[in-house]
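Student: I'd like to go through this structure with you and ask how each label is earned. Could we start once it is on the screen?

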Amino acid sequence: VNMGMYNPSLLNPEMHSQLALNFVDYFADINMVSATYAFPFKEVGTVGVSITSLNLGQFTETDFAANTLGTFYANEQLLTAGFGKQLTKRISVGANLKMLLSSLESYQSFGLATDLSATYFNTDNNLAFSVLAQNLGRQITTYASQKEPLPLEVKMGVSKRLEHLPFRFSLGYN
C-alpha cells in the first residue's frame with residue numbers, strides 16, 4: 001500500500017483495507033511518521049489516503065553576531081489522496097492529489113500538487129514498466145512573498161522477475 005501512494009497506478013483491489021504505519025528515526029532528532037490506507041471505490045477503482053509528518057527538530061536561533069536568541073522548530077506535513085484504475089489486463093493508471101504544508105520557524109508555506117502515473121504489467125514474462133510524473137503543482141502561500149517552484153520529477157522504471165529464482169531486477173531513471 002505504501003508503493004501505491006508513491007506511484008498511484010499501483011493502487012489495486014488487492015490492497016483493500018490494507019493499513020501501513022511507518023516511523024523513521026533519522027539522525028539529529030529528525031523523525032518521520034506516516035499512515036496509509038487503501039480501499040475500493042465502488043466498481044471504479046482503488047482509493048488510497050496517506051498522511052505524513054516530518055519533524056525536523058529543534059534549532060538554535062541566533063542573530064548576525066552569533067548570539068543565541070532562543071530556539072525554534074521546523075516540520076512538514078503531506079496529505080495525499082490517490083486513485084488507481086486498471087484499464088486493461090496489463091495497463092493501469094493513477095493520480096494523487098497532495099496538500100503540502102511546511103513550517104520553518106515563523107514562516108509557513110502551503111502548496112498543492114498532483115502525481116500522474118501509468119504502469120504496464122506482463123505477468124506472463126514477469127515484467128513491469130512504469131512512468132511517473134511527480135509534483136505537478138505550485139505554492140499557494142509562500143514563506144516570504146517569493147513563489148518557489150515545486151521539485152517536478154519524471155521517473156521511469158522497469159522490473160523483471162526471474163522465472164526460477166526469487167530475484168527481481170529493477171532499473172530506474174529520474
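Student: What is the bridge partner of A20 in β2?

Tutor: In this predicted model, A20 has T36 of β2 as its bridge partner.

Student: What makes β1 and β2 a pair?

Tutor: Pairing requires at least two bridges found by DSSP. Strand β1 (residues 19-25) and strand β2 (residues 31-41) are joined by seven bridges and run antiparallel, so they meet that requirement. The two strands form a hairpin with five residues between them, and A28 in the turn has a positive phi of about 60 degrees.

Student: How do you know that β4 and β5 pair as well?

Tutor: The same test applies: at least two bridges are needed. Strand β4 (residues 68-86) and strand β5 (residues 91-104) have 13 bridges, in the antiparallel sense, so they count as paired. Within this region, N75 stands opposite S103 in β5.

Student: Why are β1 and β9 called edge strands?

Tutor: Good one! The open sheet has nine strands in the order β1-β2-β3-β4-β5-β6-β7-β8-β9, paired antiparallel. β1 and β9 (168-173) each have a single partner strand, so one side of each is left without a neighbour in the sheet. From one strand to the next, the twist averages 15 degrees.

Student: Why is S34 called buried?

Tutor: Buried means under 20% relative accessible area. S34, found in strand β2, has a value of 10%, so the label buried fits.

Student: Which residues does S34 touch, not counting those up to four places away in sequence?

Tutor: S34 touches A20, L21, N22, I51 and T52. A20 is also the residue whose bridge partner in β2 is T36.

Notes. Residues numbered from 1 in each chain as written. Predicted model: local features only at pLDDT ≥ 70, side-chain atom pairs only at ≥ 80, totals over all residues. Heavy atoms only, no water. Helix = DSSP H or I, 4+ residues; strand = E, 2+ residues; numbered from the N terminus. Axes fitted to C-alpha atoms, helices over the stretch in contact; angles between N-to-C directions. Buried < 20%, exposed > 50% of the residue type's maximum accessible area, 1.4 Å probe, protein only. Contact = heavy atoms within 4.5 Å.
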